[in-house]
Amino acid sequence: MNNLLSIDDLSKEKIFYIIEKSIAVKNGNKLYVTMDSYIENKIIGLLFFEPSTRTRFSFETVIYKSKGNVLNYNEKISSTKKGETLYDTIKTMEIYCDLFIIRHPDNDIFEKITKYTSKPIINAGNGSYEHPTQSLIDITTMFEHNKNTNSIFKNILFVGDINNSRTINSLIKCIYKISNSINFYIFSIQEDFNPKIKNFIKNNNIKITRVFSYDECIKDMDFVYVTRCQKERQNLDIIDYKKEMIITPNVMKKMKPTCGLLHPFPRNEEIDIKCDSDSRSLYFKQIENGIHVRRIIMEDILSKTQDFNRIKSHGTLDGGYMYSEEY
Ligand code: NCD
């Protein structure tokens, strides 16, 4: 994989590879724990044009743990403030960086940026469209949960701001890619999906059932995936989270004993913190898995790029710039 801009960039096999390898690394599988790191000595540019806590810090944590280096672009103290274009910023940063990790409010930003640079890019969230690394974390957490509880995945309910949630969009694509027999349900504060994902759903004939209360379906769900109301993306009046959508211990009582409760975070009011001690609440596990999954993604991408230092350290550079696939 050269870039990870969308779930569309991944094959089914690649998704399983990321899930399995991430869980193996997390469980301290010796084969992987002792593996060479392609992140070591690299300079990785984190360009976040939107706020972030977990995504940015999990990438940074992996890079530091793997002895790589971070260049953290901060719009507020960069030349963007002096009128520099995104094109010039990317052309500058590509001189310094081996890999870009980019979050941007524009849904179509990567169509532009991939024209500006051939350096590898990981999408850390583009507008309300996609967030592929988050959905790989979510799916890994779901697999881990099912393995622990010995349960089967058939039904998933998405709750919240369906229209603006890039994590839901990518997760629908990701689940559909690995199995087309999963039933999707939504309990939404809004009518519709973002137009791009709507096309995906239509073109693939994916059936989505809309519910208007938990009682309609919660007892049959294998996973409930809750998202906050993305107030920053609402053009019109702010839509509040409906009271009846809030997950409380009472709602959890109606869930199966093996049902997993997920949330990409940040959390606002949509899950009562009293639910945190329930072993079915998986959101802090998602955060922990974020480190392993993002490590595997970065390693995979960097292992494909030409690496001057690695070639040199393997003694294959004699005079010219030789390129070997093998290091
Ligand atoms: C999400 C995002 O930024 O899309 N958070 C995340 O990266 N884990 C969800 C959100 O902002 O609500």
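This section describes the ligand site of a predicted model, together with two features of its backbone.

The ligand is surrounded by Thr 55, Arg 103, His 131, Gln 134, Arg 166, Thr 167, Arg 228, Gln 230, Pro 264, Phe 265 and Pro 266. Divided by class, this shell comprises 3 nonpolar, 5 polar and 3 charged residues. Specific polar contacts are found with several members of the shell, among them His 131, whose side chain places an N or O atom 2.7 Å from an oxygen atom of the ligand. The side chain of Gln 134 likewise takes part, with a polar atom 3.2 Å from a nitrogen atom of the ligand. At Pro 264 the contact is made by the backbone, a polar atom of which lies 3.0 Å from a ligand nitrogen atom. Of the 320 Å² that the ligand exposes when taken alone, 93% is buried by the protein.

The ligand occupies the second largest pocket. The volume of this pocket is about 400 Å³, and its lining consists of 21 residues. Those nearest the centre of the pocket are Arg 103, Arg 166, Arg 228, Phe 265 and Pro 266. Two elements, α3 (54–65) and α7 (166–178), each contribute two or more residues to the lining. In terms of residue class, the lining divides into 4 nonpolar, 10 polar and 7 charged residues.

Two features of the backbone were also noted. Most residues other than glycine have a negative phi, and most peptide bonds are trans. Against this background, the peptide bond between Phe 265 and Pro 266 is cis, with an omega of about 5°. Both Phe 265 and Pro 266 belong to the set of residues that surround the ligand. Pro 266 is situated in the loop that runs between β9 (260–262) and α10 (283–302). The other feature concerns Asn 150, which is not a glycine yet has a positive phi of about 55°. Asn 150 is located in the loop between α6 (132–149) and β5 (155–160).

How values were computed. Residues numbered from 1 in each chain as written. Predicted model: local features only at pLDDT ≥ 70, side-chain atom pairs only at ≥ 80, totals over all residues. Heavy atoms only, no water. Near = heavy atom within 4 Å. Polar contact = N/O pair within 3.5 Å; in protein donor to acceptor, adjacent residues only side chain to side chain. Areas by Shrake-Rupley, 256 points an atom, 1.4 Å probe, with all protein chains shown as cover. 1 Å grid on protein atoms, 1.4 Å probe; cavity = no way out; pocket = protein on both sides within 12 Å on 5 of 7 lines; lining within 4 Å. Sits in = over half its atoms within 2 Å of the grid points. Nonpolar A, V, L, I, M, F, W, Y, C, P; charged D, E, K, R; others polar. Points joined across faces, edges and corners; volume = space filled by probe spheres on them. Helix = DSSP H or I, 4+ residues; strand = E, 2+ residues; numbered from the N terminus.
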